[in-house]
Amino acid sequence: MALTKGDIHLWDRLRKMQVIPSNPHVLELGEANWHGDVPLPPEIVCENPHDPFAVARAFYQHILNPATLTSIDMDGTEDAIKLNLNKWQFLRLPNCPFDITINSGTAEHVFNQANFFRIMHEWTKPAGLMVHATPIGAGWHSHGLYIHTIELFGLLALANEYSTLLTFYLDVDTGHIGNDVSLYARSVMYVAFRKEQDSTFRYPVQTPKRISDHPHFFDGIPGWFGPQDGYLQVYADAVRTAPLCAVFVEVGCWLGRSTAFLAVEIANSKKVIGLFVVDTFCTPGNEEMVNELAAHDGNVRAAFEANMSRSPTPVSVLECASTEAAANFIDASLEFCFIDASHDYESVKADILAWLPKIRPGGTLAGHDYDSETDPGVVQAVNECLAGRFFVFGRCWIVRV
Ligand SMILES: C[S@@+](CC[C@H](N)C(=O)[O-])C[C@H]1O[C@@H](n2cnc3c(N)ncnc32)[C@H](O)[C@@H]1O
């Protein structure tokens, strides 16, 4: 597919985030050409402005200053390597693995989806960038072989420990760029990942809903939990990928909004998962919580219990400080622990140090509000305690132990 205004926006944001490797070896899966919805930025010079492939190359040369730029395309120019992306490639390309791999509207035309995403994974270096631009919306029904969903990219990231650096949509009919796809019939979804680990490619797993499922009721409970920032997806994935018997701990449950979701997911999974929550039920984190505590005589435990009375899964409550509760668990005993308690640097650091040894090999420690603008203490503690071990999904930080 052709490069558009969305690509200018994408690389500009990644540049401001300072996440683009310098002098990278770059691989395009599908040779890009310039669409022409917007002119090439004036500072970029192309000697052959009427050739859309030359214009796209000039764009990448200017913004990435690549050591090498390799293109794979069965139908590309004479510069492109002609490989069939349906087939696993045994040949090692020069400069592979690459610092940056780009799927700019190619994957949806390749029948063998698993092979495409596996190639992209294996041909990207750890700490390298993986960029996707893919058509989304009913208006594309006759465009490719597939229309991708944000769910696909979310589960791909969770399965393979990619940090999601950014996602946004371009409405190609109006040129509007935003975060809400629902309005647009013909959008391009942009996703930028950083590959954090040198691991074998894992296929994402999506479990379809069954009619007999217990209905979710978290929406009626006040709190911060939801699908908007990856929190819900992290919980759903934890249940989906857990073994048949496991122990989960949620640190910071407040009125039970996030707990309610987890409890229903556990019941619907039919797995034997023991669920513990840890909370003082009296630690205010912001003004909203101060007011809520005042309305409940300084302790919200009874409100939590009332909200959770509909839970199809038994929940064991530890009403105490996080670090005190951690001492109740033997090391390497937990499958999943999620930290969403106090958000200041000292508390988050203490929580991570207390709970990390409790996770079994193969299990997950994660937490909420990895956001340097709203919660710098969380970011500082996670960066310091877990350097090189975590990845970011939405506003969640995640460590696979
Ligand atoms: C942001 S709220 C949790 C919200 C909940 N996960 C949700 O999304 O609905 C934080 C909770 O952590 C609790 N908390 C704060 N510091 C704590 C600590 N050191 N030990 C135990 N609980 C703590 C607070 O009482 C509060 O209920």
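Where is the place of N299 in this chain? Let me start there: N299 sits in the loop between α7 (287-295) and α8 (301-307), where helices (H or I, at least four residues) and strands (E, at least two) are DSSP runs numbered from the N terminus. Before going on, I should say that this is a predicted model, in which local features need pLDDT of at least 70 and side-chain atom pairs count only at pLDDT 80 or more, while totals for chains, interfaces and linings use all residues. Residues are numbered from 1 along each chain as its sequence is written.

Back to the loop. N299 counts as partly exposed because it has 13 C-beta neighbours inside 10 Å; on this scale a residue is buried if 20 or more other C-beta atoms lie within 10 Å of its own, exposed if 12 or fewer, and partly exposed in between, with C-beta atoms placed from the backbone. Leaving aside residues up to four places away in sequence, N299 touches F281 and C282, a contact being two C-beta atoms, placed from the backbone, within 7 Å. The C-alpha atoms of N299 and F281 are separated by 5.3 Å, although these residues are 18 apart along the chain.

Now to the sheets. One is an open sheet of seven strands in the order β4-β2-β5-β6-β9-β7-β8, with mixed pairing, where two strands pair if DSSP finds at least two bridges between them. Its edge strands, each pairing on one side only, are β4 (68-72) and β8 (177-178).

Within this order, what encloses strand β6 (residues 124-136)? It is largely enclosed by the rest of the structure, because 10 of its 13 residues are buried. Strand β5 (residues 98-104) runs parallel to β6 and is joined to it by six bridges, with F98 standing opposite T124. The chain passes from β5 through helix α3 (residues 113-122) to β6 in a right-handed β-α-β crossover, meaning that, with the strands pointing away from the viewer, the path from the first strand over the helix to the second runs clockwise. With β9 (residues 187-195), β6 pairs in the antiparallel sense over eight bridges, and there A192 is the bridge partner of V131.

The second open sheet also has seven strands, in the order β12-β11-β10-β13-β14-β16-β15, again with mixed pairing. Here β12 (315-318) and β15 (390-393) are the edge strands, each pairing on one side only. Four bridges join β12 to β11 (residues 272-278), and these two run parallel; V317 in β12 is the bridge partner of V277. Helix α10 (residues 345-355) packs on the sheet, touching β10 (245-251), β13 (334-339) and β14 (359-367), and its direction makes about 175° with that of β13, the axes being lines fitted to C-alpha atoms, for helices over the stretch in contact, with angles from 0 to 180 degrees between N-to-C directions.

Finally, the core. The largest nonpolar core has 107 residues, of which Y235, C337, C396 and I398 touch the most other members; such a core is a set of buried Ala, Val, Leu, Ile, Met, Phe, Trp, Tyr and Cys residues joined through C-beta atoms within 7 Å. Helix α5 (residues 231-241) gives the most to this core, with seven residues. Eight of the 11 residues of α5 are buried, so this helix is largely enclosed by the rest of the structure, and among the buried ones are Y231, V234 and Y235. C396 touches Y231 and V234 in turn, with G230 and H368 also among its contacts beyond four places in sequence.
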